[in-house]
Structure formats: structure tokens, C-alpha cells
Amino acid sequence: MQTDRLALREVQVDDAGFILALINDPDWIRFIGNKGIHSEQLARDYIRQGPQQMYLRHGFGLWLVSDRLTRTPMGMCGLIKRDSLEDVDLGFAFMPAFRGQGIAEEAARACMTFARQQLGMQRLVAITTPDNIASGRLLERLGFVLEGMQPGENGQPLKLFAISL
């Protein structure tokens, strides 16, 4: 997928260095969780067992978001089918240098369009920790509405947002 500024593509094993940096960013750890991945080999395993398995099973997953012209990796955004949620989840995470520039919103809108037009989805959800104010605001700008709280995989409560496509 492409937007005016961005290219979104499947995450490849060769992206392990970037993925390692992204999932060890303090905000990833705070809001998403510590994956315990501290080497490029473990990042490659994460890519194979996470995003690449989701592409094979569902035809979608988290995509690497990069600058359309320079191909500089910025973050990930995409669609996730979690066992704990009935609906497909819109997820995103970006490196600090690329926050506050509308990049996450642009990438998320592209994913929402893909979900509706290519996959025929009628509804998406998104989950955030209660203290992740920035992600909640982004979801509201995208048209998501807070539906309530959802227990997380580790028992931590999560805000559940949803949108009809």
C-alpha cells in the first residue's frame, strides 16, 4: 500500500534491526509490553512467528511503514486478529522521531481503507492501555468510539475502541 508520504509493506526478516529497536522503545514497552526480544536473532524469530504467520493465516497483519521516497522505516501499522478479540484490531507503533507528524493517522487510514475495500470488513476495534492518551486521541480522530474496558492478555484492563466501516 502507498499513501502520499508512506509505503506500507509486509515485514521481512531483513527488517530485524529496525524491529528490534522499535519493540525495545520505552513507549512500546510501557504501552504494548516487553516482548523480551534483545537480539536480532530473536527479532527475526518474532517476525517469522508473528507478522509473517498472520499474513499466511489471514492475508493481513502488521505492516512496516516507511517513507515513500527514502524507504526509511518509521514504524508498524496494520490489522491483527487476536484470539482475545472477536473483531480484527487496528494496531500501530512508531519510533519517537516520527510521532506527532500525522504519520500514524495516515498509515491507519490506509489500513482502514484496505480492511473495508480489500477484505470487506464491516468493523474494526483497537485496544489501548488506559494511560495511552496519544493513541486514544488518534483513534478518536479516526472515528473510533470508546466502547468500554476489555481484560488484556495479562489481566491488565484495556480500553476497547470500535468503528463501523
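## Helix packing and strand pairing

In this predicted model, helix H3 (residues 40-49) packs with helix H4 (residues 51-58) at an angle of about 10°, and their axes lie 3 Å apart. Because angles under 35 degrees count as roughly parallel, H3 is described as roughly parallel to H4. The contact between the helices brings Tyr 46, Ile 47, Arg 48 and Gln 49 of H3 to Pro 51, Gln 52 and Gln 53 of H4. Sorted by character, the residues of this contact of H3 with H4 comprise three nonpolar, three polar and one charged.

The strands offer a second topic, and the table sets out two pairings that involve strand S7 (residues 157-164).

| Strand pair | Direction | Bridges |
|---|---|---|
| S6 (residues 145-151) and S7 (residues 157-164) | antiparallel | six bridges |
| S5 (residues 123-128) and S7 | antiparallel | six bridges |

Individual residues show how these pairings are made up. Between S6 and S7, which run antiparallel, Gly 148 has Leu 160 in S7 as its bridge partner. Between S5 and S7, which also run antiparallel, Ala 126 stands opposite Phe 161 in S7.

Strands S6 and S7 form a hairpin with five residues between the strands, and which residue in this hairpin takes a positive phi? That residue is Gly 155, whose phi is near 90°.

Conventions: Residues are numbered from 1 along each chain as its sequence is written. This is a predicted model: local features need pLDDT of at least 70, side-chain atom pairs count only at pLDDT 80 or more; totals for chains, interfaces and linings use all residues. Side-chain values use heavy atoms; hydrogens and water are left out. Two strands pair if DSSP finds at least two bridges between them. Helices (H or I, at least four residues) and strands (E, at least two) are DSSP runs, numbered from the N terminus. Axes are lines fitted to C-alpha atoms, for helices over the stretch in contact, and angles run from 0 to 180 degrees between N-to-C directions. Angles under 35 degrees count as roughly parallel, over 145 as roughly antiparallel, 65 to 115 as roughly perpendicular and the rest as oblique. Contact means heavy atoms within 4.5 Å. Ala, Val, Leu, Ile, Met, Phe, Trp, Tyr, Cys and Pro count as nonpolar, Asp, Glu, Lys and Arg as charged, and the others, Gly among them, as polar.
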